[in-house]
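Biologist: Could you take me through this one slowly? I'd like to hear the reasoning behind the labels.

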Amino acid sequence: MSFPEPLLVYQGHADRVHSLAWSFDGKRIASSSHDETIQVWDATTGEHLLTYRSSSLQAPAFAWSPDGQFIASTTGLSSDTIHIWDTTTGKQSAKHSVFEGHNDSILTLAWSPDGQYLASAGADTIVHVWQVASGRKVFTYRG
């Protein structure tokens with residue numbers, strides 16, 4: 001069995017890639033690595049666009065906002081906080097709060113389709129739903 005040649009190869013992480021996601025417009029791909037970075041790539045050319053550095057010893061969990069302007073991410077799989085950063089600058093968004101409330105590592109993140117809410121699920125078996133604009137927790141699901 002032979003495999004087709006890849007269209008593009010994205011290279012730049014110093015360690016293995018943990019997860020990846022397309023932006024909703026399909027123009028960019030972000031990848032999270034055990035090198036403590038999230039890197040954003042042009043999906044059609046493979047050009048490296050930016051790197052966001054976390055401060056943990058593990059790969060960050062992350063999710064694109066529906067408009068592609070922001071990425072919500074942890075600072076690593078052992079992190080219990082969420083930061084939102086601007087995908088054009090790679091810097092933490094000044095207009096968004098840092099989200100805190102889990103008692104253990106955050107494992108995954110998801111934005112609502114309208115971009116108004118962010119859900120986080122943790123190893124503490126809790127799902128929090130946050131209102132992005134205010135940083136306020138609006139729902140908590142346990143169990």
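Modeller: Sure. Let's begin with burial: of the 143 residues of the protein, 45% count as buried. Keep in mind that this is a predicted model.

Biologist: What makes a residue count as buried, and how does I38 fit?

Modeller: Buried means under 20% relative accessible area. I38 has 0%, so it counts as buried. This residue is found in strand β3.

Biologist: Which residues does I38 touch?

Modeller: Leaving out residues up to four places away in sequence, I38 touches A30, S31, S32, L50, T51, Y52, P60, F62, S73 and W85. As for distance, I38 and H13 are 25 residues apart in sequence and 8.8 Å apart in space, C-alpha to C-alpha.

Biologist: S73 is on that list. Why is S73 called buried?

Modeller: Its relative accessible area is 0%, and the cut-off is under 20%, so S73 is buried. You'll find S73 in strand β6. Its contacts, not counting residues up to four places away in sequence, include I38, Y52, A61, F62 and L109. The C-alpha atoms of S73 and A110 are separated by 10.0 Å, with their positions 37 residues apart along the chain.

Biologist: Now D86. How do you know whether D86 is buried or exposed?

Modeller: D86 comes out at 16% relative accessibility; that is under 20%, so D86 counts as buried. It is found in strand β7. Beyond its neighbours within four places in sequence, D86 is in contact with Q69, F70, K91 and S93. D86 and V17 are 69 residues apart in sequence, and their C-alpha atoms are 21 Å apart in space.

Biologist: And what about H128? Why does H128 count as buried?

Modeller: The value for H128 is 2%, which is under the 20% limit, so H128 is buried. H128 lies in strand β11, residues 126-131. Its contacts, leaving aside neighbours within four places in sequence, are G101, H102, L118, A119, S120, K137, F139 and T140. H128 and D104 are 24 residues apart in sequence and 12 Å apart in space, C-alpha to C-alpha.

Biologist: What makes E36 partly exposed?

Modeller: Partly exposed covers the range between the 20% and 50% cut-offs; E36 has 22%, so it gets that label. E36 is found in the loop between β2 (28-33) and β3 (37-42).

Biologist: Where is T125, and why is T125 called partly exposed?

Modeller: T125 is found in the loop between β10 (117-122) and β11. Its relative accessible area is 47%, which lies between 20% and 50%, so T125 is partly exposed.

Biologist: What is the phi of E36, and what is the phi of T125?

Modeller: E36 has a phi near 70°, a positive value in a residue other than glycine. T125 also isn't a glycine, and its phi is positive, about 60°. For background, most residues other than glycine have a negative phi.

Biologist: Let's talk about the core. What makes a set of residues a nonpolar core?

Modeller: The members must be buried, come from a list of residue types such as Ala, Val, Leu, Ile, Phe and Trp, and be joined through side-chain atoms within 4.5 Å. The largest such core here has 12 residues: A63, F70, A72, I82, I84, F99, I106, L109, W111, L118, W130 and V132. Elements giving two or more residues to this core are β6 (70-74), β7 (81-86) and β9 (106-111). β9 gives the most, with three residues. Apart from this core lies another, of nine residues, among them A30, L50, F62 and W64. As a general habit, nonpolar side chains tend to be buried together in soluble globular proteins.

Biologist: How many helices and strands are there?

Modeller: Zero helices and 12 strands.

Biologist: And how do you know that the radius of gyration agrees with a compact globule?

Modeller: With 143 residues, a compact globule would have a radius of gyration near 15 Å; the protein has 15 Å, so the two agree. Along its principal axes, the C-alpha trace spans about 45 × 30 × 25 Å.

Biologist: What share of contacts joins residues at least 24 apart?

Modeller: That share is 34%, among contacts between residues at least 6 apart in sequence.

Terms used: Residues numbered from 1 in each chain as written. Predicted model: local features only at pLDDT ≥ 70, side-chain atom pairs only at ≥ 80, totals over all residues. Heavy atoms only, no water. Buried < 20%, exposed > 50% of the residue type's maximum accessible area, 1.4 Å probe, protein only. Helix = DSSP H or I, 4+ residues; strand = E, 2+ residues; numbered from the N terminus. Rg over C-alpha atoms; globule rule 2.2 N^0.38 Å. Contact = heavy atoms within 4.5 Å.
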